Every structure is written in structure tokens, then in C-alpha cells.
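Student: I would like to go through this structure term by term. Please set each value against its definition.

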Amino acid sequence: MSLEMIVFIVFILLGVLFVGFLVHIKIPKRLNQKKYVAKWRELQGHCKDKTCWKDAIILADKLLDSALKQRKFKGKTPGERLVSAQRKFTNNDGVWYAHNLFKKLNTNVDLQPKEEDTKRALNNFRQALRDLGALPSGEQNK
């Protein structure tokens with residue numbers, strides 16, 4: 001085999017590796033639904049006591065942000081990632097309602113959410129996680 005042929009083969013292999021690396025970086029990762037279902041059920045445990053509703057909303061927002069990061073939506077903040085993902089959500093306004101409630105609760109330590117607000121926010125977070133593929137669709141994980 002000639003030197004030119006070896007250099008050509010090495011060049012082609014490096015090109016294939018480079019393209020493979022770019023594809024790996026750009027393609028969103030499939031989310032581990034079992035992990036997210038387990039975390040969602042843990043989060044639901046906070047709903048039993050109304051003093052822990054705030055914690056449930058905070059955990060739900062963090063869980064959604066984790067899914068957005070894993071799916072590689074662009075943005076430095078959770079809000080920027082939500083903007084990047086807005087076309088994925090079946091209820092974008094609901095996701096923003098839930099996220100804004102999280103921001104209010106996160107900045108005001110004395111604020112406790114009402115039952116209706118908590119249910120609405122958690123339902124919106126759950127739907128957003130379903131839309132991203134973090135939670136399975138359907139009734140099995142309510």
C-alpha cells in the first residue's frame with residue numbers, strides 16, 4: 001500500500017470520527033423515563049402535607065429544567081431553555097404559569113402556595129415532562 005493511500009484512509013477515518021462526534025453532540029439524548037417517574041413519585045410525596053407544597057413545586061421546576069438540559073435545549077437559564085423548547089409543549093402558557101409560580105416561591109420564603117395553584121402548576125409541569133418524553137404519556141403515573 002502506498003503512503004498516499006494510507007494518508008487518504010487516515011484522513012477519511014478522522015473525518016468520519018469528527019462527523020460522528022458532531023452528531024453525538026447535536027442529537028438530543030433520549031430521557032430515562034424510569035428515573036424521571038421515580039423522581040416524580042418522590043415529588044408527589046410532598047403533596048400530602050400542605051406545608052410541603054412549595055417544595056413540590058420547586059422540585060418539579062428543577063426536574064423540568066434537568067429534562068430540558070438533557071434534551072439539549074439552548075439557554076443559560078431555565079427560562080431561556082423554556083423559550084427554546086416552547087414549540088414542544090402542548091400547553092406553553094401552562095408551563096410558564098408553573099415556572100413563574102416557582103420563581104415567586106423561590107424568591108419569597110414566607111409565601112405558601114394555595115391548593116388550586118399547586119395542583120395547576122404540578123399538572124402543567126407533568127404535562128411538560130410528558131411532552132419532552134421524560135414521563136410516559138397516559139394515565140399510569142398520576
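Tutor: Start with the cysteines: the sulfur of Cys52 lies 9.3 Å from the closest cysteine sulfur, that of Cys47, which is too far for a bond. A word on the source: this is a predicted model, in which local features need pLDDT of at least 70, side-chain atom pairs count only at pLDDT 80 or more, and totals for chains, interfaces and linings use all residues. Residues are numbered from 1 along each chain as its sequence is written, and side-chain values use heavy atoms, with hydrogens and water left out.

Student: How do you know that Cys47 is in no disulfide?

Tutor: A disulfide is a covalent bond between the sulfur atoms of two cysteines. Here it is counted as a pair of cysteine sulfur atoms within 2.5 Å. The structure holds zero disulfides. For Cys47 the nearest cysteine sulfur, in Cys52, is 9.3 Å away, so the pair does not meet the cut-off of 2.5 Å.

Student: Why is Cys52 called partly exposed?

Tutor: Buried means under 20% relative accessible area, exposed means over 50%, and partly exposed is in between, with a 1.4 Å probe and protein chains only. Cys52 has 21% relative accessibility, so Cys52 counts as partly exposed. Cys47, with a relative accessible area of 29%, is also partly exposed.

Student: Is Leu135 buried or exposed, and what makes it so?

Tutor: Leu135 has a relative accessible area of 1%, so it is buried. It lies in the segment after helix H6 (115-132); helices (H or I, at least four residues) and strands (E, at least two) are DSSP runs, numbered from the N terminus. Leu135 and Lys35 are 100 residues apart in sequence, and their C-alpha atoms are 9.2 Å apart in space.

Student: What makes Met1 exposed?

Tutor: Its relative accessible area is 79%, therefore Met1 is exposed. Met1 is placed in the segment before helix H1 (3-26). Between the C-alpha atoms of Met1 and Asn92, which are 91 residues apart along the chain, the separation is 60 Å.

Student: Why is Gly79 called buried?

Tutor: Gly79 has 16% relative accessibility, so it counts as buried. This glycine, Gly79, lies in helix H4. The C-alpha atoms of Gly79 and Phe89 are separated by 14 Å, with their positions 10 residues apart along the chain.

Student: Which class does Asn100 fall into, and why?

Tutor: At a relative accessible area of 34%, Asn100 is partly exposed. Asn100 is found in helix H5 (residues 92-107).

Student: What is noted about phi of Lys72?

Tutor: Phi of Lys72 is near 65°, a positive value in a residue other than glycine. Lys72 sits in the loop between H3 and H4, and its relative accessible area of 32% makes Lys72 partly exposed.

Student: How do you know that Arg120 lies over the face of Tyr97?

Tutor: A charge sits over a ring if NZ of Lys or CZ of Arg is within 6 Å of the ring centre and within 35 degrees of the ring normal. Arg120 is at 3.7 Å from the ring centre of Tyr97, so the distance part is met, and Arg120 is given as lying over the face.

Student: What is called a cavity, and how many are there of 30 Å³ or more?

Tutor: On a 1 Å grid over the protein atoms alone, a cavity is a set of points where a 1.4 Å probe fits but cannot get out, while a pocket is an open set with protein on both sides within 12 Å along at least five of seven lines; lining residues have an atom within 4 Å of a point. Grid points are joined across faces, edges and corners, and a volume is the space filled by probe spheres set on the points. The count comes to one cavity of 30 Å³ or more. The largest cavity has a volume of about 30 Å³, and its lining includes Asp61, Leu64 and His99. H3 gives the most to that lining, with four residues.

Student: What is the volume of the largest pocket, and which residues are closest to its centre?

Tutor: The largest pocket has a volume of about 260 Å³. Of the 12 residues that line it, Gln44, Cys47, Lys119, Leu122 and Asn123 are the closest to its centre. H6 supplies the largest share of this lining, six residues.
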